[in-house]
Amino acid sequence: MKMKHVNARLICQVSAAAALVLAGNAMAADAFSSDSKWMTGDWGGERTKLIEQGIDIKADYVGEVGGNLNGGYNDDKTARYADQFGLGVALDLQKLWGWDNTQAKIQLTNRNGYNISNDRVGDPRAGTLSSSQEVYGRGHMVRLTQLWIQHQFFDNKLDVKAGYFGEGEDFNTFPCDFQNLAFCGSQVGNWATNIWYNWPVSQAAIRVKYNINDELYAQIGAYNQNPSQLEHGNGFKLSGSGTKGTVLPVELVWSPKVNSLPGEYRVGYYKSTADADDVREDINGFDAATTGDAYKTHSSKSGYWFVAQQQLTSHNGDASRGLNIAANATFHDKDTNFIDNYQSVMFVYKGPFDARPKDDVGIGAARIHVNKDVKRNAELLNASSGVSDYDSAAFSPIRETEYNYEINYGFHVTNWLTVRPNLQYITHPGGVDEVDNALVAGLKIQSVF
């Protein structure tokens, strides 16, 4: 897709959205107001009335541009655009129907577009480990992303949530303001191959949380592991057909105040009960690439994670501004998982300038390491095929470690619109040494309707 096609698509989408807004909200005085929380405003006060009654309508948009400036597998410069529309409603059932301490939510998402990482940054035979446009993926289709009900018991000590939702909504949670996938959202879902499905995919699930005190809680969940829900056309699938097993995450979350500044620290473990193939050994314990026998099957796979977020400073006494640090690390089963470990660190300064107190500037670095058995398996496949030339179509690229870096600036244009230009640098895309390091220019648009 060339840049003119990207621009045409973006113009059409923005124009269509604006037409819908103007048609439906012509009488709303605060539509497009920079002080409003929503682009469409308060609908003449009706939106606030609905929230007071327990109905909070959610509508949002994320769009991301990625352009390859230099390097990568294919240096033919172009730009790609991917986006996501979201529409949902959060319900306070205590206000609506008198059900004490009960909430519910329904959320639909629709993703579209193309990704610069697939064939420009990375070798199409290997891809990239991360993605320069995190919003891309899981098909061009409408999905039911959330359908759940939640209730608190025993003076809010015990919290139970059940329905259809993803693991990353409650476990290993992390913000998604950076554009590179290695700094966005639940990282376990990015590297726990084929078992943990992040947004926008949902699964039948239950999550139980116990609040130990005001700063500490523990939680456990059970999520249906059903690969068929990834298939095109199954965005609204609610049946259990195709189920392979259950993902069982547990997590301890501590949210202290350090010098009166907020922090959050998470440590967790997951186990999948579904069968998982070994990445190298065959059923007899030998190298499957050499013997040609089926890969050995394991009865489960597992891993664990750490997440730390801490505000370090305030700005002239204003706690809404200041320096924040965040770090992520995940570790996975070396017998069955393509990625065996990942780490990242990010710094974000909120309100860097007095003239723009709601802007932010961020910088991050991430390391993604491929399981050594995966590398060994590819080497054996090439040897057994008699292929040693990287440029041969039959060559299996050797993958080791990919590094991702991003620097961005978030322009808080209004309370409902943030525009975040960014630069990304990817070394060894896909973990393949033969692929040139890549420089990618990005632009992330986040809007709340």
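## Salt bridges

Let's start with a pair on one strand stretch: in this predicted model, the side chains of Glu264 and Arg266 meet in a salt bridge, with 3.0 Å from N to O. Arg266 is buried, at 6% relative accessibility. Salt bridges with shared partners also link up elsewhere, joining Asp159, Lys161, Glu169, Asp170 and Arg207 into one network. If you want a way into that network, try Lys161 and Glu169, whose side chains pair at 2.5 Å, N to O. Lys161 is buried, with a relative accessible area of 2%, whereas Glu169 is partly exposed at 24%.

Then there's Asp119, which forms a salt bridge with Arg80 through their side chains (3.0 Å, N to O). Asp119 sits in helix H4 (residues 117-121) and Arg80 in strand S2, so this pair ties together parts that are 39 residues apart in sequence. Asp119 is partly exposed, with a relative accessible area of 27%, while Arg80 is buried at 9%. Overall, the count comes to 23 salt bridges. As background, side chains of opposite charge can pair when their charged atoms come close.

## Asn74 and its surroundings

Asp119 turns up again as a contact of Asn74, along with Asn68 and Arg120, leaving aside residues up to four places away in sequence. Asn74 itself lies in the loop between strand S1 (55-72) and strand S2 (79-92). Its relative accessibility is 26%, so Asn74 counts as partly exposed.

Where does Asn74 sit relative to Leu50? The two residues are 24 apart along the chain, and their C-alpha atoms are separated by 51 Å.

## The disulfide

How many disulfides are there? The count is one, and it is formed by Cys176 and Cys184, with their sulfur atoms 1.6 Å apart. The link between Cys176 and Cys184 is left-handed, with -70° about the S-S bond.

The two cysteines fall into separate burial classes: Cys176 is partly exposed, with a relative accessible area of 26%, and Cys184 is buried at 4%. The cut-off for buried is under 20% relative accessible area, which is why these two get their labels.

## Asn180, a buried loop residue

Asn180 lies in the loop between strand S5 (158-165) and helix H5 (188-191). Is Asn180 buried or exposed? It's buried, with a relative accessible area of 0%.

The Asn180 side chain has polar company. A polar contact of 2.6 Å joins it to the side chain of Ser130, and another, at 2.9 Å, goes to the side chain of Gln424. Beyond residues up to four places away in sequence, Asn180 touches Ser130, Ser131, Ser132, Glu134, Asn404, Glu406 and Gln424.

## A nonpolar patch on the surface

If you're scanning the surface, have a look at the nonpolar patch of about 770 Å². Tyr210, Ile212, Ile220, Val250, Leu252, Val267, Tyr269, Tyr304 and Phe306 make it up. Strands S8 (245-254), S10 (261-272) and S13 (301-311) each supply at least two of its residues.

Val250 is one of the patch residues, and its place is in strand S8. With a relative accessible area of 33%, Val250 is partly exposed.

## Backbone oddities

Most residues other than glycine have a negative phi, and most peptide bonds are trans. A few spots here go the other way. The peptide bond from Trp199 to Pro200 is cis, with omega near 10°, and Pro200 lies in the loop between H5 and strand S6 (203-211).

Two residues are worth a look for their phi. Trp43 has a positive phi of about 55° although it's not a glycine. You'll find Trp43 in the loop between helix H1 (3-24) and helix H2 (46-53), partly exposed with a relative accessible area of 26%. Asn316 also has a positive phi, near 50°, and is likewise a residue other than glycine. Asn316 is in the loop between S13 and strand S14 (322-332), and at 73% relative accessibility it counts as exposed.

Methods: Residues numbered from 1 in each chain as written. Predicted model: local features only at pLDDT ≥ 70, side-chain atom pairs only at ≥ 80, totals over all residues. Heavy atoms only, no water. Disulfide = S-S within 2.5 Å. Buried < 20%, exposed > 50% of the residue type's maximum accessible area, 1.4 Å probe, protein only. Helix = DSSP H or I, 4+ residues; strand = E, 2+ residues; numbered from the N terminus. Polar contact = N/O pair within 3.5 Å; in protein donor to acceptor, adjacent residues only side chain to side chain. Contact = heavy atoms within 4.5 Å. Patch = residues over 30% accessible without salt bridge, like charges linked within 9 Å, V, L, I, M, F, W, Y side chains within 5 Å. Areas by Shrake-Rupley, 256 points an atom, 1.4 Å probe, with all protein chains shown as cover. Salt bridge = Lys/Arg side-chain N within 4 Å of Asp/Glu carboxyl O.
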